[in-house]
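I set out to record two topics in this entry: charged side-chain pairs and the arrangement of one sheet. The notes follow the order in which I looked things up.

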Amino acid sequence: MILTSLSDPSNNGRTLHFFSSSAGNAGLAAVIAARDLGCSCTVVVPLSAKPMMIKKILAAGASDVIRHGASWFEADANLRQNFIENEDSKLDPLARNIYIPPFDHHDIWRGAGTLVDEIIKQLPTRHYSKTNTCCSFPADAIVCSVGGGGLLNGIIDGLERHLPAYQPTTLPEKVAKKVRILAVETAGADSLAHSLGKGTLQPLPAITSQAITLGALCVAQQTLKNVQSPPPGIEVTSIVGTDADAAMGVVRLCDELRLEVELACGISVQVGLDRLKEVMTDLTPDSRVVIIVCGGSDITSEMITDYRQKLENGWQ
């Protein structure tokens, strides 16, 4: 999105300053992108953002990190009101503030959708018998975490671009197998599941999950639309786990692959390892499942040790 803004002819000759609202990770990404493209970036975070994340954002080159509000929603509203909607162009007519939302913009979805390009390039080609020329997408299922839905929307955007090439042509009676997307949240940050239950876009009353980087009170409108009525060839299932489930995923990924990720990622790892059969009843040893390890910077080895101890003490 930052690169697209810089390519916009209406911004020629202007000095752009980017503003991102975030629980941490999206703000850090915006700062790194702006820095590498020679621009300034300010991040507004909620009061719940950890000092460690604020230090990381500043160390990456942020112009400033402003703390405001009890949730990302309040931080975001403050950013838009003070820096975007009421920007004073008289101070410098060649300066312009650009709003970078953490998840709700088609340019962000388009960027996240390049993950699908990578999946296609990296997964081995499937082999078929002479009697079965029905071509299937290289992955049967993709598991991803959902906060506001930027990653989920991006995956769907990427699949939309590629799936037409995998539709059956020589055997009309065969129906192409749908790609399953498992949209995973933690209880207390399950804004997608909440809206699905209501049937319309509805905010959570509050974020109570410890996976605070999933903490969007409400998903993007497009996120709900994509799940309720996904494009052809795609099926989306909403799954909710507990913070303890997320911690189990964090610990397992650390132990087995020596990777440190935060709770917002750990929940997808745990669901991808233990709960696929709930929604993929036709799962076989040959099924291909991709788990998006979205990482997250809000994690330390001490935190993982704490999760491990709590799980050993019966955390559920």
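**Salt bridges and a parallel sheet**

I began with arginine 35, which counts as partly exposed because its relative accessibility is 42%. I note that the model is a predicted one. I then looked up the partner of arginine 35 and found a salt bridge with aspartate 36, with 3.0 Å between the closest N and O atoms. Aspartate 36 has a relative accessibility of 54%, so I entered it as exposed, the cut-off for that class being over 50%.

I next searched the whole structure for such pairs, and the search returned 12 salt bridges. As a general remark, I wrote down that side chains of opposite charge can pair when their charged atoms come close.

Within helix 7 (residues 150–162), I checked arginine 161 and aspartate 157, which are four residues apart, about one turn of the helix. These two residues form a salt bridge whose closest N and O atoms are 3.8 Å apart, and the cut-off I applied is within 4 Å. I recorded arginine 161 as partly exposed at 42% relative accessibility, and aspartate 157 as partly exposed at 26%.

I turned to helix 13 (residues 301–312), where lysine 310 and aspartate 306 are separated by about one helical turn because they are four residues apart. Their salt bridge has its closest N and O atoms at 3.3 Å. Lysine 310 is partly exposed, with a relative accessible area of 35%; aspartate 306 is also partly exposed, at 35% relative accessibility.

I also noted a network of salt bridges that links Asp76, Arg80 and Glu85.

For the sheet, I asked in what order the four strands of the open sheet are arranged. The order is 7-6-5-8, with parallel pairing. Strand 7 (234–241) and strand 8 (289–291) are at the edges; each has a single partner strand, so one side of each has no neighbour in the sheet. From one strand to the next, I noted an average twist of 20°.

I then examined how strand 5 (residues 141–145) meets strand 8, and found parallel pairing over three bridges. One entry I kept is alanine 141, whose bridge partner in strand 8 is valine 289.

Finally, I looked up helix 11 (residues 263–274), which lies across strand 5, strand 6 (179–186), strand 7 and strand 8. I recorded that helix 11 runs at about 150° to strand 5.

Conventions
Residues numbered from 1 in each chain as written. Predicted model: local features only at pLDDT ≥ 70, side-chain atom pairs only at ≥ 80, totals over all residues. Heavy atoms only, no water. Salt bridge = Lys/Arg side-chain N within 4 Å of Asp/Glu carboxyl O. Buried < 20%, exposed > 50% of the residue type's maximum accessible area, 1.4 Å probe, protein only. Helix = DSSP H or I, 4+ residues; strand = E, 2+ residues; numbered from the N terminus. Pairing = 2+ DSSP bridges. Axes fitted to C-alpha atoms, helices over the stretch in contact; angles between N-to-C directions. Contact = heavy atoms within 4.5 Å.
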